[in-house]
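Me: Please take a close look at one part of this model, beginning with the backbone of a loop and working outwards to whatever surrounds it. I would like a connected account rather than a list, with the reasoning shown wherever a classification is made.

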Amino acid sequence: MEEIKQQKGDESCIDISVVIPLYRCSESLNELWERLTAVLKKLGVSYEILFVNDRSPADDWSVVQELVSRDSLVRGISLSRNFGQHAAIFAGLSKSRGQWVVVMDGDLQDVPEEIEKLYAKALEGWNYVQGSRENRQDGFFKKLASRWFYKILGYFTDTEQDPCVANYGIYSEKVVSAMLSMQDKVKFLPAMVSWVGFSGCKIEVEHSRRELGTSSYSINRMLKLAFAVIVGFSDKPLRLVVRLGATITLMSLLYAGYTVVRWLNGDILVMGYSSIIVSIWLLFGINMIILGMMGIYLGRVYEHTKNRPYFIIDEEL
């Protein structure tokens, strides 16, 4: 913990840091900066705004450079390549200096004015407060995919996952330091907040429709993220495979006993070719699933032993 604090610098001089990962958000950045500045000045706190460019192919970084030159309270971080939204968030967290850190998206769907509500709730004694998007302004298929994403994720990771809660929230220095101390190669903020514990709550926040740009989260990317998080945070798939193997073994023994009884009674004269082929292919498929699952986890262990950083900063303003 002490090492992390030294890396981040003296945090006591800043009340709130706002960390914003960027990918194809260039069109909304100027409005976002104006609204954030107005809200934070209204709160009367010392603050900093950290824009983290996840190597966006759009003009995000050039807009950030302009904002940094105009406002001394804006900082810019650009990653060496596209590492993903959650890696970008943790790059920003590692550089934040605030006693409280707000994490939000850069597309204006997370309403900046709701920070006032989140901060007021946090000062009641909570270590973190997450924004709950009860009235999500997304398309039907995106909301449906998100709902199933969090259901599957919650089931396999044995954690409570709320589809209305994403990254938008305010987190104390203690919570941020605890998450930064985790050495997991797969980063997923909601799951990590849930894992580290501490006292926290959720409050309803406004959610806006995305008017500018397009979301980078396709169904395929959500499925990949869910799979990576499940394997990275839980061994439940392995335990389910063991249960499946045990169930099939029990059923096979029962069927074998039933077949022997029928043979002793003279009911079976010639064993069926079809049943043998089906059984072979079924068991072969199950074995391949089990071996594949074990291989995936071994691959994760191999990735972890390489000890590569989960983000690399190319430029910092």
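From a loop to the sheet and its packing

Reply: Leu108 is found in the loop between strand E4 (98-103) and helix H5 (115-122), and, since this is a predicted model, what follows describes computed geometry. The backbone at Leu108 deserves attention, for this residue is not a glycine and yet has a positive phi of about 70°. Most residues other than glycine have a negative phi. Leu108 counts as buried because its relative accessibility is 9%, which is under the 20% cut-off. A second loop, the one between E1 and helix H2 (29-43), holds Arg24, which is likewise not a glycine but has a positive phi of about 60°. Arg24, however, counts as partly exposed, because its relative accessibility is 42%.

E4 and E1, the strands beside these two loops, both belong to an open sheet of eight strands, whose order is E7-E5-E6-E4-E1-E2-E3-E8 and whose pairing is mixed. At the edges stand strand E7 (200-204) and strand E8 (313-316); each has a single partner strand, so one side of each is left without a neighbour in the sheet. Direction ignored, neighbouring strands of this sheet are turned by 20° against each other on average.

At the E7 edge, the partner is strand E5 (residues 128-132), which runs parallel to E7 and is joined to it by five bridges, with Tyr128 standing opposite Gly200 in E7. The two faces of E7 differ in their cover: Cys201 and Ile203 make up the covered face, while Gly200, Lys202 and Glu204 lie on the uncovered one.

Further along the sheet, strand E3 (residues 74-79) runs parallel to strand E2 (residues 47-53), and five bridges join the two. Within this pair, Val52 stands opposite Ile77 in E3, and Gly76 is the bridge partner of Phe51. Helix H3 (residues 60-70) packs on the sheet, where it touches strand E1 (14-22), E2, E3 and E8, and its direction makes about 155° with that of E3. E3 is mostly covered, six of its six residues being buried; Val74, Gly76 and Ser78 are on one side and Arg75, Ile77 and Leu79 on the other, so that both faces are covered.

Phe51 also leads into the interior, where the largest nonpolar core has 35 residues, and where Ile20, Leu29, Ile49 and Phe51 are those with the most contacts inside it. At least two residues of this core come from each of E1, H2, E2, H3, E4, H5, strand E6 (165-172) and E7, and H2 gives the most, with six residues. The surroundings of Leu29 show this meeting of elements residue by residue: leaving aside residues up to four places away in sequence, Leu29 touches Leu22, Phe51, Asp60, Val63, Val64, Leu67 and Gly106. There is also a second, separate core of 27 residues, which includes Val19, Ala91, Ala178 and Phe311.

Ala178 of that second core takes part in a helix pair as well. Helix H7 (residues 173-181) and helix H8 (residues 189-196) pack with their axes 10 Å apart and at an angle of about 105°, which makes H7 roughly perpendicular to H8. H7 contributes Val175, Ala178 and Met179 to the contact, and H8 contributes Leu189, Met192, Val193 and Val196; these residues divide into seven nonpolar, no polar and no charged. In soluble globular proteins, nonpolar side chains tend to be buried together.

Met179, placed in helix H7, counts as buried because its relative accessibility is 0%. Again without residues up to four places away in sequence, Met179 touches Leu189, Met192, Val193 and Val196, and also Phe90 and Leu93. Met179 and Trp195 are 16 residues apart in sequence, and their C-alpha atoms are 8.9 Å apart in space.

Methods:
Residues numbered from 1 in each chain as written. Predicted model: local features only at pLDDT ≥ 70, side-chain atom pairs only at ≥ 80, totals over all residues. Heavy atoms only, no water. Pairing = 2+ DSSP bridges. Helix = DSSP H or I, 4+ residues; strand = E, 2+ residues; numbered from the N terminus. Axes fitted to C-alpha atoms, helices over the stretch in contact; angles between N-to-C directions. Contact = heavy atoms within 4.5 Å. Parallel < 35°, antiparallel > 145°, perpendicular 65-115°, else oblique. Nonpolar A, V, L, I, M, F, W, Y, C, P; charged D, E, K, R; others polar. Buried < 20%, exposed > 50% of the residue type's maximum accessible area, 1.4 Å probe, protein only. Core = buried A, V, L, I, M, F, W, Y, C linked by side-chain atoms within 4.5 Å.
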